[in-house]
Amino acid sequence: MFGFDFSIAGIGSLGAMMLIAMVFICYCFAIHLIVTWNPYHRPAIPLVFSLILSIGPMLAMSMEKDGNTSLAEILEIAFLFTSLGVGVIVLWMPIILAFVTFQMLIVSRKSPTEDPLIEMLEN
Amino acid sequence: MVFWVNQALLSFTLLIAACSMWRMGPAFKRSKFAGPIALLGLAGLIFLPEQPLYFESDYHRCEFVSFCNDDGRESYLKVVTWSLISISTALIGCYTIIRGSRIYAERNPPVLAIGWFLLGISWWSISQSKWFEEAYTRLDVLAWMVCFIFGIAGTLYLLFRIIRFTENVTPKDPPIEPLNENERRLVTEMIRRNLGGGS
């Protein structure tokens, strides 16, 4: 149908994929902590760590060429990391979907069991 | 005009934010903004702006990402559109199967059949994709996929340790009083109504 070659993005080594995974997860975690901020939460330390672990490699990569960086370059690298992260997760989709399909087979044939909690409440 | 790479990044960020807001708070009080933000993110991912031509004033050539040229935009758009179709049919199919099974109510065979049909569409769309065919026949891509999982596992462990550290340094609240008789009856009644069908 169509093709999408990861190697044209210049990411080829196995260690780089682990780094991409780390940046991707920390980026998502930082967004999660920011948008779910509430008075009962103390996310300052996890947020600082996840921001360092996500923005640090992006900054290092953008400064690799000439020691200078700009917002456009950082956004470009953030796009590279997130799109590669999502791409690899989508590549796992057939395996995940096989597992989910098996679970749906079990659910389709399942009959509800008696809940012991109800009996406990009655007594 | 917004550069399509920046719009794609912003839209993905909005989607992550919407998912987080959707799961925030107790089940009966979810954020009202999650749905609109998710729709905005999806629209931003699908309706990407055109790549400006080289003679236009806002022409932007990527310095690092070699695929953000015009062809790259088309490939990216196809992968995103295809992934959204496959994932959404799978999710709606699973939801329909669960609603049609005997978990929450009596078994409903037509609803179950619709759910399995949608799940079948998801499998069909995957089987039609040459992207997966290429990925699953290349050893280097398989190695990247495995390394990516190791990277996720390592990062989650690191974040788990950081959260444990934060919890340890956070001053603990004093122990709360046990429930009184009224509160105990209220909790019992809530559980009975939720599990016992309101009887």
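Between chain A and chain B, seven residue pairs are in polar contact, both residues being at pLDDT 80 or more (N or O atoms within 3.5 Å, one able to donate a hydrogen and the other to accept it, with residues adjacent in sequence counted only if both atoms are side-chain atoms). The structure is a predicted model, in which local features need pLDDT of at least 70 and side-chain atom pairs pLDDT 80 or more, while totals for chains, interfaces and linings use all residues. Residues are numbered from 1 along each chain as its sequence is written, chains are lettered from A in the order in which they are written, and side-chain values use heavy atoms, without hydrogens and water.

On the side of chain A that touches chain B, helix 3 of chain A gives the largest share, 17 residues (helices are DSSP runs of H or I, at least four residues, numbered from the N terminus). By class, this side of chain A has 51 nonpolar, 13 polar and nine charged residues. About 6,900 Å² is buried between the two chains, 79% of it from carbon and sulfur atoms (accessible area, 1.4 Å probe, lost on being put together and summed over both parts).

Turning to the pocket, the largest one holds about 1,600 Å³ of space (an open set of points on a 1 Å grid where a 1.4 Å probe fits, with protein on both sides within 12 Å along at least five of seven lines; lining residues have an atom within 4 Å of a point). Of its 41 lining residues, those closest to the centre include Leu15(B), Cys19(B) and Leu84(B). Helix 3 of chain B supplies the largest share of this lining, eleven residues. The lining comprises 33 nonpolar, seven polar and one charged residues.

Methods. Helices (H or I, at least four residues) and strands (E, at least two) are DSSP runs, numbered from the N terminus. Ala, Val, Leu, Ile, Met, Phe, Trp, Tyr, Cys and Pro count as nonpolar, Asp, Glu, Lys and Arg as charged, and the others, Gly among them, as polar. Grid points are joined across faces, edges and corners, and a volume is the space filled by probe spheres set on the points.
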